[in-house]
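The exercises below concern ligand shells and a chain interface. Work through each task with the structure at hand before turning to its solution.

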Amino acid sequence: MTEKTMNHVKIEFSSLPENVSLARVLIASLVAQIDTTLNDLEEVKVAVSEAVSNSIIHGYQNKPDGMVKLEVFIKDGILDITIEDSGIGIENVEEAMTPMFSTIPERMGLGFAFMKSFMDSVSVNSSLDQGTKVSLRKKIISDSSCALMAK
Amino acid sequence: MTEKTMNHVKIEFSSLPENVSLARVLIASLVAQIDTTLNDLEEVKVAVSEAVSNSIIHGYQNKPDGMVKLEVFIKDGILDITIEDSGIGIENVEEAMTPMFSTIPERMGLGFAFMKSFMDSVSVNSSLDQGTKVSLRKKIISDSSCALMAK
Amino acid sequence: VGEIRRFLRDDSTIKVSRSYKEISYKVHKCREELTAKLNRDPKISEIAEVLDLKIEDIVTALDAVQSPTSIHETLYQ
Ligand SMILES: Nc1ncnc2c1ncn2[C@@H]1O[C@H](COP(=O)(O)OP(=O)(O)O)[C@@H](O)[C@H]1O
Ligand SMILES: Nc1ncnc2c1ncn2[C@@H]1O[C@H](COP(=O)(O)OP(=O)(O)O)[C@@H](O)[C@H]1O
Ligand SMILES: [Mg+2]
Ligand SMILES: [Mg+2]
């Protein structure tokens, strides 16, 4: 089991809105390698879409010439994901992560709230004018089912 | 149109057999961004699967600790793809590309033949013990439909 | 958290995903029908429009239900 679910994937893509769907498809097909529920799969997809859209919309302000990096590690049923951009950065991370906070009036400001509710942990590193890195973690397989599958 | 189809994606993944399907899904969802047919989509998927499987099976001899790189550029309806490994390399590229040639007796030796028949061009760079880089190109959209859609 | 989940369920972007098998079947059937009608291989976008599906779902579904190809078989042998 351990061996089978060990995987490492790094992807970089242009900051185009259509690449949000690319990231969704990629993460879905990776998570599907772990024998998990559709619910887990949906949750991870939403969290990743939110982070990737943030990089495109906020980090690169919808300019298509940036690159977004997505890295995924799968090991022992734990999914570690980072989404990184070299965009404008976040001035006040704590404020940004507050539900309903958005620097764009028409937006709902729920992206980070979704990530927090769907993943076990969310951490954000950001420097102004340097970029933002969001780390997401979720335990997909419980120890018991891991043990079961290892047989 | 030009602007819309310009895209650049780089991915690196562990040399695991299940990542062949990851590469297929990734390339499919990229090619689907160009307004094309299921037939084109299938052809590109087969070509990419063959090259990625070669890197895993031959390049890394099925050891899971190698990394396979896949890079895709889409511009003006032309798809440029490279698949690269740091595996054992190919001694004689010309011989390797001959239909029915395989260094593994049970295999069919048709991978390169598929790539050549489904893509407009295939080129291979390889050095023993250094690795192999396969470059694939295909024009997906004809100039006329490009021009049409640019309106 | 409960509210967010409820909100998501209602959000139109997260339609309950239909089974891949069903989607794949419909896509192939639609492709045949459109080919007959248009006298050419239809674009993926045309199939998506007729079936009211996202291209993303078509792509994923087609791969998910693909019968194992020779490539996969040989990979595992
Ligand atoms: N990658 C990023 N780069 C710069 N700013 C970001 C990034 N991600 C989030 N932010 C900031 O955090 C705020 C809150 O994000 P989020 O909760 O996703 O809500 P929304 O995207 O609806 O604004 C955004 O409005 C933006 O100011
Ligand atoms: N990435 C690679 N690294 C090392 N050798 C390779 C690689 N790709 C192809 N080859 C060599 O080229 C031969 C022909 O490849 P191919 O036409 O795909 O047939 P098959 O995979 O069925 O052997 C392989 O048998 C192998 O010796
Ligand atoms: Mg957001
Ligand atoms: Mg081969």
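**Exercise 1: the shell around ligand 1**

In this predicted model, α3(A) gives the most to the shell around ligand 1, with four residues. Starting from that element, describe how many residues surround ligand 1, which of them are the closest, and how the shell divides by class.

*Solution.* Step one is to identify the contributing elements: α3 (38–59) and α5 (111–118) of chain A each supply at least two residues of the shell around ligand 1. Step two is to count the shell, which comprises 18 residues, with A:Asn54, A:His58, A:Ser102, A:Thr103 and A:Gly109 as the closest. Step three is to sort these residues by class, which gives six nonpolar, 10 polar and two charged residues around ligand 1.

**Exercise 2: polar contacts and cover of ligand 1**

Find the distances that link oxygen atoms of ligand 1 to A:Ser102, to A:Thr103 and to A:Phe112, and then state how much of the accessible area of ligand 1 the protein covers.

*Solution.* Begin with the side chains: an N or O atom in the side chain of A:Ser102 is 2.6 Å from an oxygen atom of ligand 1, while a polar side-chain atom of A:Thr103 lies 2.5 Å from an oxygen atom of the ligand. Continue with the backbone, where a polar atom of A:Phe112 is 3.0 Å from an oxygen atom of ligand 1. Finish with the area: ligand 1 on its own has 540 Å² of accessible area, and the protein covers 96% of it.

**Exercise 3: the surroundings of ligand 2**

Which residues are the closest to ligand 2, and which elements of chain B give two or more residues to its shell?

*Solution.* First, the shell of ligand 2 is made up of 18 residues, the closest being B:Asn54, B:His58, B:Ser102, B:Thr103 and B:Gly109. Second, consider individual atom pairs: the side chain of B:Asn54 has an N or O atom 2.9 Å from an oxygen atom of ligand 2, a polar backbone atom of B:Gly111 is 3.1 Å from an oxygen atom of the ligand, and a nitrogen atom of ligand 2 lies 3.4 Å from a backbone N or O atom of B:Gly59. Third, the area that ligand 2 exposes when taken alone is 530 Å², of which the protein buries 96%. Fourth, the elements that give two or more residues to this shell are α3 and α5 (111–118) of chain B, and the largest share, four residues, comes from α3(B). By class, the shell around ligand 2 has six nonpolar, 10 polar and two charged residues.

**Exercise 4: the interface of chain B and chain C**

How many residues of each chain are in contact, what area is buried between them, and how many salt bridges does the rule find across the interface?

*Solution.* Start with the contacts, in which 26 residues of chain B meet 20 residues of chain C. The area buried between the two chains is about 2,000 Å², and carbon and sulfur atoms give 61% of it. Within the part that chain B buries against chain C, B:Arg24, B:Asp35 and B:Leu38 supply 29%, more than any other three residues. Turning to specific pairs, the rule finds zero salt bridges across the interface, but three residue pairs in polar contact, both residues being at pLDDT 80 or more. The elements of chain B that give two or more residues to the side touching chain C are α2 (18–31) and α3 (38–59), and α3(B) provides the largest share, 10 residues. Sorted by class, that side of chain B has 10 nonpolar, eight polar and eight charged residues.

Note on methods. Residues are numbered from 1 along each chain as its sequence is written. Chains are lettered from A and ligands numbered from 1 in the order in which they are written. This is a predicted model: local features need pLDDT of at least 70, side-chain atom pairs count only at pLDDT 80 or more; totals for chains, interfaces and linings use all residues. Side-chain values use heavy atoms; hydrogens and water are left out. Contact means heavy atoms within 4.5 Å. Buried area is the accessible area (1.4 Å probe) that two parts lose on being put together, summed over both. A salt bridge is a side-chain nitrogen of Lys or Arg within 4 Å of a carboxyl oxygen of Asp or Glu. A polar contact is a pair of N or O atoms within 3.5 Å; within protein, one must be able to donate a hydrogen and the other to accept it, and residues adjacent in sequence count only if both atoms are side-chain atoms. Ala, Val, Leu, Ile, Met, Phe, Trp, Tyr, Cys and Pro count as nonpolar, Asp, Glu, Lys and Arg as charged, and the others, Gly among them, as polar. A residue is near a molecule or strand if one of its heavy atoms lies within 4 Å of it. Accessible areas come from the Shrake-Rupley method with a 1.4 Å probe; for residues, only the protein chains shown count as cover.
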